[in-house]
Structure formats: C-alpha cells, structure tokens
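Reader: I should like to learn how ring contacts and nonpolar cores are read from a set of coordinates. Could we work through one case together?

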Amino acid sequence: PETAHGGLLGARNVGMGGALLVDDGDIIRPDLSDDSGAGCLVLSIAGQTRASSAVSRGAAIVGPHVYKAADVSTWRVGICPGHAVTMGKADSLVVKASRYNKEAPFEAVEATHVSPGASLREVQQFVAQGRMPRPLYFGVRPYDGEDEAPTDGYNLLTPQHLDDDGSLALDGDVDEGAWCAWLTLEPDASVSELEAAAEASRVALRLESKSRGARALPLRSGLDETLSVLGGLVFTCSGRGARFHNLKPNRDSLALRAGRRNLPLVGCFCNGEIGPPPFRERGGGTVAEGEAHVAGFTCSAVVLRLDGAEDAQHPPV
C-alpha cells in the first residue's frame, strides 16, 4: 500500500521546531534559513513494504453533554476578491446525553433544546475552576443510527465566531441531526489513542493476531534477501513533547513502542504534520492508503515492515 506522511519544518530554529530526533538519542538541528541552500528531504521506500499508520491527537469530550444538531445553516467567508466559500453554522442543539462529572459515563436524557452559545457556558461551568479549555473544538459526527451517544469518531471543527443569538459559525460542514460535542486535547487521551493505534498497526502488519485461526508472521532474521526490517517514522507537533505530556518525556515514542519495546523510531518535531486523520477521529484508524492532509497538534507516525525477496504471505519455515 502507499502512504504519505511528513511534516512542515520551520525556517528558524525555534524551540524544538525542525529538530530531527534519532531513536530518542542525538538531536540534530539543521539550518533551514533562506541562505543555507537547504530544501526538503524526501524518503522513498521500495520493496515488499507493508505500512500502517498510527496517528493521535488526544481529542476528548470536555463538556457535560452530547448533542444533536437541531437547526443548521450556512455562512460565506470571502477568501479573495470575487471568491468565497460556504461553511456550516449550528443554530440550535438538542441535548441527548449527559454526565455528572468527567469520570462518569454519558447517559441518555430527555431531549432539551439549547443554543450553542449556552452550551459553551455549560462547558465553562463544568470544567475545574471554570477555566475554558484550550484548544477547544466543536466535534461533529454523522448520525448512523446509534442508540448511544458516541464519545469518539468526531470531525474536529474550529469555532469562528458566536453570534448574538447564540448560533455558532464553524470552519466546516455540519448536517442537521449530526452528533455534536465540545472537545479538547488531553495527554492521557492521546497516549491511550496512540497505544491503541500502535496495537492495531501491529495486527495490520501481521506481527500480532487478534482473531482465532489467524497466524502472525514473525520477522525473519536472515542475512540475505530473507531479512525483515521493522521501524517507524514519526512526525510530531513541536507543541507536544514533555510540555503537552505534563513534563513526562518520550510519551509519544513510548506509546508507539507499547507491545514492541525495541521498535526503531526516527522522526522530527514539526510545525504541521502530514498524514491521515487521528485514530479515534472521523476517518481515522490504521489507514495507510487514502488522502493525507495537514493537521496540527498530532503525532503522525507510520510503522513500516519491509520484507525481503520472499513473499511476505509465505515466509520460510
């Protein structure tokens, strides 16, 4: 399968932006200034390669309710003279599930109407010390007939402005009847998401088996064309690292290595990451193929298994 992963490196050495990390060891800080002559680094891998993405951002519902969009509309924003785009707007929400505290599960409740503006005030009252979480996203997930309110699988939209009537303008589409919730990014949620994505990647690469009757394919250790190589490429946001993970270092790499302690990793801190959606967001999962996009505040990794000349489906006994 084909996969596209990468990151945007800043032209100046600011903090960890643009630092290359080699297996949690030496840190190389390349000079990417305009007069350095540096360009971009392209890595092409050929052979019997199996690739599986493991992407995390750590989105978690932060408010007391999960809603459905009751009334929606659109708004237009000018991009340049003569050109504008149409985006979604949530005008009214219906409360479908509630929880009493952050650790409690969501339970179905009698439907009540609320404006997006009022729902935002409920978030502020719900969180500790009344501090509004940052960053804050409005998650939207199409209704697929679920009986219970979903806690993941949302498409994270960025609020653009709140009107006087309480309606909320967004930077994407929202359909009537869609599930909605307020979400923020949390370190524990990100670690859990990345560990789940790494486990799914190991299954996809047939390093582990989750179903009865299926057989994992061990890595081959021959010194000729039967050699198997396993490793990961990691592109993580310069805003993550220890600052995001409550001063705990190497949390992203440890999560990727959960279940395979010696997995070789190489990558860099970026000012924008390229890859598929995060594992527990809309369109996520262990998807190596598909359209890549530029995201923010993610750890975007791809685990690669490169087998030798032998068919990976029929390894030598």
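Author: Let us begin with a charge and a ring. In this predicted model, the charged end of Lys 68 lies over the ring of Trp 179, at 4.9 Å from the ring centre.

Reader: Which other charged end sits over a ring, and over which one?

Author: That of Arg 57 does so: its charged end is placed over the ring of Tyr 137, 5.7 Å from the centre.

Reader: How is a pair of aromatic rings described?

Author: Two quantities serve: the distance of the centres and the angle of the planes. Searching the whole structure yields three aromatic pairs. In one of them, Phe 138 and Trp 182 have ring centres 5.0 Å apart and planes at 75°; because planes over 60 degrees apart count as edge-to-face, the pair receives that label.

Reader: Where in the chain do Phe 138 and Trp 182 lie?

Author: Phe 138 belongs to strand 9 (residues 137-141) and Trp 182 to strand 13 (residues 179-185), so the pair ties together parts 44 residues apart in sequence.

Reader: Is Phe 138 buried or exposed, and what of Trp 182?

Author: Phe 138 has 0% relative accessibility and therefore counts as buried. Trp 182, with a relative accessible area of 2%, is buried.

Reader: What is the geometry of the pair formed by Phe 244 and Phe 297?

Author: The ring centres of Phe 244 and Phe 297 are 5.1 Å apart and the planes stand at 85°, so this pair is edge-to-face. It links distant parts of the chain, 53 residues apart: Phe 244 is in helix 3 (residues 241-244), while Phe 297 is in the loop between strand 17 (293-295) and strand 18 (299-307). Phe 244 is buried at a relative accessible area of 10%, whereas Phe 297, at 23% relative accessibility, counts as partly exposed.

Reader: Which residues of the largest nonpolar core touch the most other members?

Author: Among its 20 residues, these are Tyr 67, Leu 93, Phe 138, Cys 180 and Trp 182. Several elements each supply at least two residues of this core, including strand 6 (65-80), helix 1 (116-126) and strand 13. Strand 7 gives the most, with three residues.

Reader: With which residues is Cys 180 in contact, leaving aside its neighbours within four places in sequence?

Author: The contacts of Cys 180 include Val 66, Tyr 67, Leu 93, Phe 138 and Tyr 154. There is also a second, separate core of 15 residues, among them Ala 54, Val 191, Leu 265 and Cys 299.

Definitions and conventions:
Residues are numbered from 1 along each chain as its sequence is written. This is a predicted model: local features need pLDDT of at least 70, side-chain atom pairs count only at pLDDT 80 or more; totals for chains, interfaces and linings use all residues. Side-chain values use heavy atoms; hydrogens and water are left out. Rings of Phe, Tyr and Trp (its six-membered ring) pair if their centres lie within 6.5 Å; planes under 30 degrees apart count as stacked, over 60 as edge-to-face and the rest as tilted. Helices (H or I, at least four residues) and strands (E, at least two) are DSSP runs, numbered from the N terminus. Buried means under 20% relative accessible area, exposed over 50%, partly exposed in between (1.4 Å probe, protein chains only). A charge sits over a ring if NZ of Lys or CZ of Arg is within 6 Å of the ring centre and within 35 degrees of the ring normal. A nonpolar core is a set of buried Ala, Val, Leu, Ile, Met, Phe, Trp, Tyr and Cys residues joined through side-chain atoms within 4.5 Å. Contact means heavy atoms within 4.5 Å.
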